[in-house]
Amino acid sequence: MVKSTPVFDHRDPTVSENRWDKTLSTISLPIFQIDDYRHLVVVSAHPDDESLGAGGLLAAAAAAGLDVTVVIATLGEASHPESPTYRPPELARIRRAEVFEAIGFLAPTATVKLLGLPDGALAEHVDEFAEYLRALPFGDQTVIATPWIEDGHPDHSAAAQAVLDATAESTTTVLQYPIWFWHWGDPAAELPTGLVRLPLSKDALAAKEKAMQAHHSQLAPLSSAVGDEAIVPPGFAAHFERDFELFIRAESVIPESLSRTFFDDFYGSQEDPWGFQSRWYESRKRALTMGALPRERFERGFEPGCSIGVLTQELAGRCDSLLATDISAAPLRAARKRLAGMTHVRLEQRAVPQAWPVEKFDLIVLSEMGYYCSAADLEVLIDRALESLTPDGVLLACHWRHPVADYPLSGDAVHRALNRRQEIVATVHHLEVDFRLDVFARPPVV
């Protein structure tokens, strides 16, 4: 069963710190040695992330004499979208003042940079964020801390991805700190791999407490009105009052592509595990997918990762010939029943990108499958797709945007990789909370 990171609500009851303490007190973890480094960079998606998740690390680094840089992507203006008291620009001013006060307690001589990227839409600015980070002095004596890529908040995942992109060719140590995981995670389940522990001195713990309290707009209600509730109420804040901090070393969270065994097991007990035939999300998304195609007819289409063939059936009505493939035999059996009698449709078991077909196609549809690839395999997949796309061809990509713990990449990461390619340009861009749909074509010849 896929372990999906939940789409959580901060107003839901948080997992109690007592439950986390019972679990965390029983495990032995490697100790992270801040003295091994000369420079600390703490990256936050929002003002307060740095204090909650890495405040102790900041205080310890400052006490050890490290150079400290804090980079905060957004001003947190969307923390209270339904507030009747403050508009987003007012919240941005409040939170900007709060974060400078907080860092003053943690690392008074730190260099602080607020980038002002849009709160809640950081996934659309990962390349810009990474480009800024690349200008920082990385190396084997630098450690950079960022929110955990699987934390469940899209902005946290985007910040982590920007750091991974920026440090991909460096020897910099990358740590990731969970925040919302302590709110929605299950203490009885398997913990993230690669955890390390940073014990906090009394001075570091006291500095972190002051820094947390500086973020008044998050720890206390803005007013008694509905929409002004605290984002970090006492029960949630208790997770960050420990006398230690936990981090995940980034090399332990760079996964490989999902294997055939994964999908064979996933389809083992049910024919339609994703609910292609029953969920409104799926039927609505298919309608938008078909409506986004820029032509009524295509000569040769290709749909890798076709599963049980529900979208394939609709694509078949728009293509003179259609190749649909899947890595697993089980869903293909269901697809063959569904598409029986459609002689212009070929169904084949293939693992892409390794077993990419040699044909040329004027339509390639990557629907909910790019994030099964590792970052390296995704680049190969895009290479193969562009090599097989005819000069007038169309590539459509559509992916779920919320994090899923078992998937190597996020949907947004897949679309960022496609948008980086100069051989194609986006002619359709549809973005909503749950999914993203882009249509690409060759750029016009000038």
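Contact here means that heavy atoms of two residues lie within 4.5 Å. With that in hand, let us tour a predicted model, one close-up at a time.

**Figure 1. D140 sits in a loop of the predicted model and touches Y37 and T171**. The loop that holds D140 runs between helix α4 and strand β4 (142–147). Its two partners, Y37 and T171, are counted without residues up to four places away in sequence. Is D140 buried or exposed? D140 counts as exposed, because its relative accessibility is 55% and the exposed class begins over 50%. For a sense of scale, look from D140 across to A355: the two are 215 residues apart in sequence, and their C-alpha atoms are 38 Å apart in space.

**Figure 2. R38 is another loop residue, found between α1 and β1 (39–44)**. With a relative accessible area of 59%, R38 is exposed. Once neighbours within four places in sequence are left aside, R38 is in contact with L66, D67 and Q141. A second ruler for your eye runs from R38 to V196: 158 residues separate them in sequence, and 19 Å separate them in space, C-alpha to C-alpha.

**Figure 3. The whole protein puts the close-ups in their setting.** Its secondary structure comes to 15 helices and 14 strands. The radius of gyration is 24 Å, close to the 22 Å that the globule rule gives for 446 residues, so the protein is as compact as a globular protein of that length. Along the principal axes, the C-alpha trace spans about 75 × 55 × 45 Å. Of the 446 residues, 55% count as buried. Among contacts between residues at least 6 apart in sequence, 76% join residues at least 24 apart. How confident is the predictor, and what is the average pLDDT? The protein averages 92, and 97% of the residues score at least 70. Take more care with residues 1–6, where pLDDT stays under 50.

**Figure 4. T23 is a buried residue of helix α1 (residues 17–24)**. Its relative accessible area is 17%. Buried means under 20%, so T23 falls in that class. Beyond its neighbours within four places in sequence, T23 is in contact with P187 and L191.

**Figure 5. The largest nonpolar core gathers 79 residues**. In soluble globular proteins, nonpolar side chains tend to be buried together. Which members of this core touch the most other members? They are V43, L57, F129 and L133. Zoom in on L57 and leave aside its neighbours within four places in sequence: L57 is in contact with F32, I34, L40, A145, L198, L200, E245 and F247. Apart from this core lies another, of 65 residues, including A316, I364, V365 and W400.

**Figure 6. Aromatic rings meet in pairs, 23 of them by count**. One of them joins F263 and Y372 edge-to-face, at 4.9 Å centre to centre and with 75° between the planes. F263 lies in helix α10 (residues 260–266), while Y372 lies in the loop between β11 (361–367) and α14 (375–388), so the pair ties together parts that are 109 residues apart in sequence. Both F263 and Y372 are buried. F266 and Y267 form an edge-to-face pair too, at 6.2 Å centre to centre and with 75° between the planes. F266 is buried, with a relative accessible area of 8%, and Y267 is buried at 7%. Ring pairs link F262, F263, F266, Y267, W274, F276, Y371, Y372 and Y407 into a cluster.

**Figure 7. Charged side chains sit over aromatic rings at R197 and R242**. The charged end of R197 sits over the ring of F244, 3.9 Å from its centre. The charged end of R242 sits over the ring of W182, 4.2 Å from that ring's centre.

**Figure 8. Helix α15 (residues 411–419) is largely enclosed by the rest of the structure**. Why is it described this way? Because 8 of its 9 residues are buried. The buried residues are G411, D412, A413, V414, H415, R416, A417 and L418. What covers them includes the helices α4 (126–134), α5 (154–166) and α14, along with the strands β12 (389–400) and β14 (435–441).

Definitions and conventions:
Residues are numbered from 1 along each chain as its sequence is written. This is a predicted model: local features need pLDDT of at least 70, side-chain atom pairs count only at pLDDT 80 or more; totals for chains, interfaces and linings use all residues. Side-chain values use heavy atoms; hydrogens and water are left out. Helices (H or I, at least four residues) and strands (E, at least two) are DSSP runs, numbered from the N terminus. Buried means under 20% relative accessible area, exposed over 50%, partly exposed in between (1.4 Å probe, protein chains only). A nonpolar core is a set of buried Ala, Val, Leu, Ile, Met, Phe, Trp, Tyr and Cys residues joined through side-chain atoms within 4.5 Å. Rings of Phe, Tyr and Trp (its six-membered ring) pair if their centres lie within 6.5 Å; planes under 30 degrees apart count as stacked, over 60 as edge-to-face and the rest as tilted. A charge sits over a ring if NZ of Lys or CZ of Arg is within 6 Å of the ring centre and within 35 degrees of the ring normal. pLDDT is the predictor's confidence in each residue, from 0 to 100. The radius of gyration is taken over C-alpha atoms; the globule rule is 2.2 Å times the number of residues to the power 0.38.
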